Amino acid sequence: MTYKKHILMLWCLLFVGNTTVFANHRAYFGNGWSAAERYVDEHHTEWKRVFDEFGVNARLAEAVIFPELLRYSMWQDEIETAAVNVFYVTGGKEKADFSIGRFQMKPSFAEDVEREWNNSPLAKKYGFIFNLLDNAEARRSRIHRLATIKGQCRYLAIFLCLQQLRNPWLSKKSDTIQLRYLATAYNYSHTAPSKDILSRQNRCTFHTDVIKIHSTRFFCYADIATEFFVSKH
């Protein structure tokens with residue numbers, strides 16, 4: 001075997017290892033997967049109305065946040081929502097920046113999305129802008145939006161629109177290629193350069209434990225999103 005072929009094989013094994021260790025996530029998560037899928041199905045019509053307002057593919061949007069539904073913990077969410085209602089509203093993201101709601105969105109994520117939206121041509125097209133003043137009233141309104149499923153759907157739709165606007169090449173790719181990129185951006189960083197997002201698409205950094213411990217299993221976020229998306233087609 002030549003040196004080049006040896007290196008190519010190693011890269012292939014690395015890629016396969018990163019993406020197929022947990023190839024059947026549905027089987028691994030079992031009842032958790034079924035419950036999350038049922039939740040999406042029960043709310044699909046309601047969510048689709050919001051996504052349609054922004055011209056967003058509802059199934060793709062649902063797949064982007066599906067891994068978060070596997071991780072969602074109601075009791076933990078209640079604690080973190082209470083914390084941001086007090087500490088974030090009064091002191092901003094430096095005081096509290098917990099992920100809240102079914103889609104596990106942080107106030108800092110909402111701030112970034114709002115700021116980019118206000119500075120984009122989409123704000124004029126859709127006829128609204130966000131209040132970005134650094135005061136308790138603006139932060140309280142932001143948390144109220146994040147606390148509702150409709151509000152989180154709107155943030156998700158806006159996030160997807162902004163990613164498409166920032167990366168026009170995405171529209172020329174297949175749905176699954178778009179999804180892997182968008183899911184990675186959602187999980188990793190809304191504001192990261194595209195090269196960083198592309199380089200992380202196969203990394204196993206996502207887990208569903210409340211607290212990371214030595215036995216925590218890590219998964220590829222984009223793989224879970226893609227498996228769910230393909231199951232709906």
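Helix α10 is a good place to start in this predicted model. Its buried residues are Gln 178, Leu 179, Arg 180, Tyr 181, Leu 182, Ala 183, Thr 184, Ala 185 and Tyr 186. Who are their partners? The buried residues of α10 pack against α4, α6, α9, α11, the strand β2 (219-220) and helix α12 (221-231). As for its length, α10 has 14 residues, which at 1.5 Å a residue should span 20 Å, and the end C-alpha atoms are indeed 20 Å apart, in agreement with that expectation.

One of those partners, α9, deserves a closer look. The axes of α9 (residues 149-166) and α10 (residues 175-188) come within 11 Å and cross at roughly 115 degrees. The crossing of the two helices is right-handed. On the α9 side, the contact is built from Leu 156, Phe 159, Leu 160, Gln 163 and Gln 164, while α10 brings Gln 178, Tyr 181, Leu 182, Ala 185 and Tyr 186. Sort these residues by class and you get seven nonpolar, three polar and no charged ones.

Now follow α9 itself. Its 18 residues should cover 26 Å at 1.5 Å a residue, and its end C-alpha atoms sit 25 Å apart, which agrees. The list of buried residues here runs through Gly 151, Gln 152, Cys 153, Tyr 155, Leu 156, Ala 157, Ile 158, Phe 159, Leu 160, Cys 161, Leu 162 and Gln 163. These buried residues of α9 pack against α3 (31-53), α4 (58-71), α6, α7 (121-126), α8 (136-146) and α10.

Leu 160 shows how that works for a single side of the story. This residue of α9 has a relative accessible area of 4%, so it counts as buried. Setting aside residues up to four places away in sequence, Leu 160 touches Val 56, Leu 60, Ala 61, Val 64 and Leu 182. Take Val 64 from that list: Leu 160 and Val 64 are 96 residues apart in sequence, yet 9.5 Å apart in space, C-alpha to C-alpha. Leu 182 also belongs to the α10 half of the α9 and α10 contact.

Step back to the whole chain for a moment. The protein has twelve helices and two strands, and along the sequence they follow the pattern α-α-α-α-α-α-α-α-α-α-α-β-β-α. Of its 233 residues, 45% count as buried. Look at contacts between residues at least 6 apart in sequence, and 64% of them join residues at least 24 apart.

What comes after α10? The loop between α10 and α11 (194-199) holds Ser 189. A polar atom of the Ser 189 side chain lies 3.2 Å from the backbone nitrogen of Ala 192. Not counting residues up to four places away in sequence, Ser 189 touches Thr 184 and Ile 197. Thr 184 is one of the buried residues of α10.

Over in helix α8 you'll find Ile 143. Is Ile 143 buried or exposed? With a relative accessibility of 0%, Ile 143 counts as buried. Beyond its neighbours within four places in sequence, Ile 143 is in contact with Val 84, Asn 85, Tyr 88, Val 89, Ile 100 and Pro 107. The C-alpha atoms of Ile 143 and Ala 110 are 9.1 Å apart, with their positions 33 residues apart along the chain.

That brings us to the loop between α5 (74-91) and α6 (107-118), where Phe 98 is found. With a relative accessible area of 38%, Phe 98 is partly exposed. Leaving out neighbours within four places in sequence, Phe 98 is in contact with Glu 80, Ala 83, Val 84, Met 105, Lys 106 and Pro 107. Val 84 and Pro 107 also turn up among the contacts of Ile 143. As for Glu 80, its C-alpha is separated from that of Phe 98 by 5.9 Å, with the two residues 18 apart along the chain.

Gln 104 is found in the loop between α5 and α6 as well. What is worth checking there is the backbone: phi of Gln 104 is near 55 degrees, a positive value in a residue other than glycine. Most residues other than glycine have a negative phi. The relative accessibility of Gln 104 is 17%, so Gln 104 counts as buried.

Definitions and conventions:
Residues numbered from 1 in each chain as written. Predicted model: local features only at pLDDT ≥ 70, side-chain atom pairs only at ≥ 80, totals over all residues. Heavy atoms only, no water. Axes fitted to C-alpha atoms, helices over the stretch in contact; angles between N-to-C directions. Left-handed = near helix turned anticlockwise from the far one by under 90°. Contact = heavy atoms within 4.5 Å. Nonpolar A, V, L, I, M, F, W, Y, C, P; charged D, E, K, R; others polar. Polar contact = N/O pair within 3.5 Å; in protein donor to acceptor, adjacent residues only side chain to side chain. Buried < 20%, exposed > 50% of the residue type's maximum accessible area, 1.4 Å probe, protein only. Expected span 1.5 Å × (residues − 1).
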